[in-house]
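Got the viewer open? Let's take a walk through this one, stop by stop, with something to select at each.

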2 protein chains.
Amino acid sequence: MVEKAYEKLLERSREISALESVARLLHWDQQTYMPEKGQESRSQQRALLARLIHERTASPELRRLLEEIEGSGRLESLGPEARANVRELRREHDRQFKVPAALVEEIEKTAALSYRVWVEAKGNDDFDSFAPRLEEIVRLSKAWADAVGYQHERYDALLDTYEPGMRAAEIEPLFESLRSELVPLVRRIVGARCEVDTSMLRRKFDAATLRRFGKGIARDLGFDFKAGRLDASAHPFCCGVSITDVRITTSAEWSNPIDALFAVIHEVGHGLYHQGLLPRHRGTPMGSAVSLGVHESQSRWWENFIGRSRSFWEHYFPKLQEAFPGLMDDVAPDRFYGAINAVRPSPIRVEADEVTYNLHVLLRFELERDLLSDRLDVRDLPEAWNGKMEHYLGIRPAASGEGVLQDVHWAHGMFGYFPTYTLGNLYAAQLDRRIRREIPDLDAMVGRGEFHELLAWIREKIHRHGSRYRPAELVRRATGEALSTTPLVDYLQGKFGPPYGG
Amino acid sequence: MVEKAYEKLLERSREISALESVARLLHWDQQTYMPEKGQESRSQQRALLARLIHERTASPELRRLLEEIEGSGRLESLGPEARANVRELRREHDRQFKVPAALVEEIEKTAALSYRVWVEAKGNDDFDSFAPRLEEIVRLSKAWADAVGYQHERYDALLDTYEPGMRAAEIEPLFESLRSELVPLVRRIVGARCEVDTSMLRRKFDAATLRRFGKGIARDLGFDFKAGRLDASAHPFCCGVSITDVRITTSAEWSNPIDALFAVIHEVGHGLYHQGLLPRHRGTPMGSAVSLGVHESQSRWWENFIGRSRSFWEHYFPKLQEAFPGLMDDVAPDRFYGAINAVRPSPIRVEADEVTYNLHVLLRFELERDLLSDRLDVRDLPEAWNGKMEHYLGIRPAASGEGVLQDVHWAHGMFGYFPTYTLGNLYAAQLDRRIRREIPDLDAMVGRGEFHELLAWIREKIHRHGSRYRPAELVRRATGEALSTTPLVDYLQGKFGPPYGG
């Protein structure tokens, strides 16, 4: 009986998942190949799919199946995989079912409008024109969170969208500890006034050659091009259409062409996670990535902990010199390594280095949590932003376009998203410490361009589990330790402390 | 009341149409960019969409709305556009509703299996291994036609899938008249033994340059690249994702590279039809192409009547010489014109010229009509095929792979499709005769590479009407004459008669 209900539940899950998969392909196509006049009909197609997905996720049939399984007293007997699937499908169902359709519609309309207002406001450095929209979005986000419900604080309901099971009260001490270490580190680095020459990164690298080079790295890292693609788009992203159809993109436009390579490595990190999910769980939570934070741990681990390491460029720097004859012959490997790891406080998050990046995130987490709990008024946001920016990074944005208006997230109503970036860094550092203990000659392998064992380890510890465990539990099982800031702080101090006398 | 029901009907139509649009994009992606391991999940996505489309088209709600409108006695008052929409939505609903789900499923399964058997059988020239599958397909196609129903003969139900409202008894006299003219014409041409030199078409044209050249022609003809794309795929096709998102492809692999240009012009013909539909009718029959025959009239008119004309190459041949420096300098324009219009009976339909092509189609029409009405047994098909081939074209296929097994259509269960190719030629010839009367200096315009007036004419006469009229009525209104073979025969005699002493 309960087995039959569970089978039916999985069928429903696979159907919802197939629709989500189609929706992701529509998004990918829109960002890569869709002709510009296709916009209007594409919006209609995506709205329709979103509706079909919502209807199915919130359906009475799904609820009935969940209730039958949960109420049977026999859920345990189905095993841990089934328990994870039921848990996650219940979570998704509740989130979709509890929110009135009228509120969902209002949020969508407001987000679409406020996105357009934000684009203009950002261009004009005009926060005041965006403020009324943002107030509206905050109001609706609160209503949404209240409808979904939460145990401790309202912000948790939003955070849970991106990082299931995580709570603001868990994040707070982690982020505070991080801040207390990073603010002084940044001050020491800035105070040392070591000017790092990064000009060689902006030389004339032929775009097609650079792209081939990036593709070669992707292949070396283990990205399966029979189950994936690399294309160009305005902003790099990874789209897991399905486990065996994973599409990453890189941008053709970079102020610094070498950044294109790191973007590829970053997206490959996301892509490897998709490709490492188990096909037998296709279409169920067990076959899906567990959270944005864990996703980000994968992209950032490959990009920063591996891709910006000395060993990595021991292998690839001679190849880079070879691929661009004459262009980098005068550059010593050490200078290149210094350039790709230069630390410079900037008002812009997406341009930030490994050290300052987390402070950008901390600032946003604190501000949006305050907004959602009525401790901060939208009108006071720019001043709060600039004050924190000055305190954390020692800089004040010259205008709101490069300050409080820089990110699209809030215009889309995506509160609770930002912390996943730093959670990703924390997870990555913890995984990095563990893998280096278990594979002591990791650096030597990377220096030889051998990534097979690294990928096998991360697949075993992270990828193959899908959504079996909640993020914190997944990382605890992989590393044997509870989440803490020590590995990330040790890593950053070790990498960025010494050259500046830290 | 009836207005409200009609509005609701259109809403349903737009939803079905959006799903179909998504399904077409999935197909396009599969043929162009999808990584090979994406196959399995893509099949699941497409099957799910097909089911959603079927459910909605066959739904009791749609039937209720149709009945309410049709039974109101006020359909006339809604105007001609509404009448066309109701007529076509009723037709689609009936076709989906009347066929039992079990039969649809059996047909799909059998078609999938028989496709695989066909691929192998064709490769091995082994008709016997395919025969049992084909018998099964014929049986299921009969059952399908009987479920849908027909007035005169069973074949009409199948034909109506591709050419709404057309009947075999209407086609028969047209095709017989065509045969009585074309068989002697082919004999005269073959008897004249004029060897046309076509070797210059197989010179080493740089693929990228040829592609740019084809893209330039597409743009000249009026294809809007802001509402469309040109990509590469194994076989050329046109995919109208929506009216403002039309994607054509060409193949990178041709034994004769110049054929790639004609493939582009052919697909542009289809693409212009899509782009010429009216956006205000998006998602309804009034905003959809009316039939495969009319579609084919567009592709073949641009490809053959325009693209293989002397005037066309007066404009483009010097440009071709310029685009490929040195490659075609020794070729006189007349020799090129002769080569691209060489007539040579071949056993293979897709390699056939303008004259022999129709005989390939006639043969298939006669055979499949006989199969469906039990006048021909599958086991006797190869001999019937070869006999007709000898009679019509004077050749006997050496093996079944280049004979009865050459086309995929029957393996897919697509009976009733073939005649639309020749119907397209008939429509095209009739339109061509008319447009030359209304635009007397058409040849001069084409010779200057000016296509704007031609496109405006065909848009006015054909494209903008969508499915307002049934194909025969549409062409009658556009040309002032009932469908006949005279224009096509006159055109073929005029173009291909004289040089061979016809």
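**Stop one: a bend in the loop**

Select Asp125(B) and colour it brightly: at 39% relative accessibility, this residue counts as partly exposed, since that label covers the range between under 20% (buried) and over 50% (exposed). Bear in mind as you go that this is a predicted model. Asp125(B) sits in the loop that links helix H5 (101-123) to helix H6 (127-148) of chain B. Check its backbone too: phi is positive, about 50°, although the residue is not a glycine.

Now hop over to Asp125(A). Here as well you'll find a positive phi of about 50° on a residue that is not a glycine. Asp125(A) belongs to the loop between helix H5 (101-123) and helix H6 (127-148) of chain A, and its 39% relative accessibility puts it in the partly exposed class.

**Stop two: the two chains**

Show both chains. What rotation superposes chain B on chain A? Turn chain B by 180°, with 0.0 Å of shift along the axis, and it lands on chain A with an RMSD of 0.0 Å. That is the relation of a two-fold axis. To find your way to the axis, select Val22(B): its C-alpha, at 4.1 Å, comes closest to it of the residues of chain B. Next, colour the interface: 100% of the interface residues of chain B are interface residues in chain A as well, so the copies meet through the same surface.

**Stop three: a sheet in chain A**

Stay with chain A and pick out its open sheet of three strands, in the order S1-S3-S2 with mixed pairing. Strands S1 (228-232) and S2 (238-242) of chain A are at the edges with a single partner strand each, so one side of each has no neighbour in the sheet. From one strand to the next, the twist averages 20°.

Zoom in on S1(A) and strand S3 (residues 245-250) of chain A, which pair in the parallel sense over five bridges. For one bridge to click on, take Ala232(A), whose partner in S3(A) is Thr250(A). Then add helix H1 (residues 2-32) of chain A: it lies across S1, S2 and S3 of chain A and runs at about 140° to S2(A).

**Stop four: a helix in chain B**

Finish with helix H14 (residues 354-372) of chain B. Is H14(B) largely enclosed or open? Of its 19 residues, 18 are buried, so the rest of the structure largely encloses it. From first C-alpha to last, H14(B) reaches 28 Å, close to the 27 Å expected. At its start, a side-chain oxygen of Asp353(B) comes within 2.9 Å of the backbone nitrogen of Val355(B). Just after the helix, select Asp374(B), which has a positive phi of about 65°.

Methods: Residues are numbered from 1 along each chain as its sequence is written. Chains are lettered from A and ligands numbered from 1 in the order in which they are written. This is a predicted model: local features need pLDDT of at least 70, side-chain atom pairs count only at pLDDT 80 or more; totals for chains, interfaces and linings use all residues. Side-chain values use heavy atoms; hydrogens and water are left out. Copies are superposed by least squares on the C-alpha atoms of residues with pLDDT of at least 70 in both. Contact means heavy atoms within 4.5 Å. Two strands pair if DSSP finds at least two bridges between them. Helices (H or I, at least four residues) and strands (E, at least two) are DSSP runs, numbered from the N terminus. Axes are lines fitted to C-alpha atoms, for helices over the stretch in contact, and angles run from 0 to 180 degrees between N-to-C directions. The expected span of a helix is 1.5 Å times one less than its number of residues. Buried means under 20% relative accessible area, exposed over 50%, partly exposed in between (1.4 Å probe, protein chains only). A polar contact is a pair of N or O atoms within 3.5 Å; within protein, one must be able to donate a hydrogen and the other to accept it, and residues adjacent in sequence count only if both atoms are side-chain atoms.
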